[in-house]
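Colleague: I am new to this structure and would like a close look at one part of it. Could you pick a single residue and walk me through its surroundings?

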Amino acid sequence: MAGTQKDFILAAAALSRSAPAQWDAFMLELKAYADRKRDDCVQATVDTLQVAQGRAQAVSGILKEMTEARANSDKIEGRR
């Protein structure tokens with residue numbers, strides 16, 4: 001079934017391996033975006049804090065999954 005965490009990891013790892021330069025450029029932008037969302041959370045007012053926190057948590061989780069995609073893909077596929 002598509003849409004699982006495993007599917008996401010495998011797809012991200014395959015993309016990172018097939019276009020490494022573009023992957024690296026994308027990951028730099030994703031990291032900058034995640035940093036911005038964390039900054040937005042820190043600067044949020046009380047009435048926008050929950051939304052800002054949710055956005056920061058979401059993008060941080062995606063960044064972590066994508067950063068670890070190759071290593072986790074190797075584990076899934078039995079490579080070390």
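Modeller: Gladly! Let us begin with the whole chain and then move inward. A compact globule of 80 residues would have a radius of gyration near 12 Å, whereas the protein chain here has 15 Å. Please keep in mind that this is a predicted model. Along its principal axes, the C-alpha trace spans about 45 × 30 × 20 Å. The chain holds 4 helices and 0 strands, so that reading along the sequence gives the pattern α-α-α-α.

Now for the part I would like to show you, M27. You will find M27 in helix α2, which covers residues 20-43. Is M27 buried or exposed? Its relative accessible area is 12%, and because buried means under 20%, M27 counts as buried. Across the protein chain, 24% of the 80 residues count as buried.

Which residues does M27 touch, once those up to four places away in sequence are left out? They are L63, M66 and T67. Take M66 as an example: M27 and M66 are 39 residues apart in sequence, yet their C-alpha atoms are 8.1 Å apart in space. Contacts across long stretches of sequence also show up in the chain as a whole: among contacts with a separation of 6 or more, 69% are between residues 24 or more positions apart.

The next step out from M27 is the group it belongs to. M27 is part of the largest nonpolar core, which has 10 residues: A12, A13, W23, M27, L30, A34, V59, L63, M66 and A69. Helices α1 (5-18), α2 and α3 (49-67) each supply at least two residues of this core. The one that gives the most is α2, with 4 residues. Two of the contacts of M27, L63 and M66, are themselves listed in this core. Elsewhere in the core, A12 is in contact with W23 and A69, leaving aside its neighbours within four places in sequence. As general background, nonpolar side chains tend to be buried together in soluble globular proteins.

Finally, let us step back to the outside. The accessible surface of the protein chain comes to about 5800 Å², and 58% of that belongs to carbon and sulfur atoms. As for charge, the chain carries 12 positive and 11 negative side chains, and the centres of these two sets lie 4 Å apart. To return to where we started, M27 sits in helix α2, is buried, and touches L63, M66 and T67.

Definitions and conventions: Residues are numbered from 1 along each chain as its sequence is written. This is a predicted model: local features need pLDDT of at least 70, side-chain atom pairs count only at pLDDT 80 or more; totals for chains, interfaces and linings use all residues. Side-chain values use heavy atoms; hydrogens and water are left out. Buried means under 20% relative accessible area, exposed over 50%, partly exposed in between (1.4 Å probe, protein chains only). Contact means heavy atoms within 4.5 Å. A nonpolar core is a set of buried Ala, Val, Leu, Ile, Met, Phe, Trp, Tyr and Cys residues joined through side-chain atoms within 4.5 Å. The radius of gyration is taken over C-alpha atoms; the globule rule is 2.2 Å times the number of residues to the power 0.38. Accessible areas come from the Shrake-Rupley method with a 1.4 Å probe; for residues, only the protein chains shown count as cover. Lys and Arg count as positive and Asp and Glu as negative; His and the chain ends are not counted. The place of a charge is taken as NZ of Lys, CZ of Arg, CG of Asp or CD of Glu.
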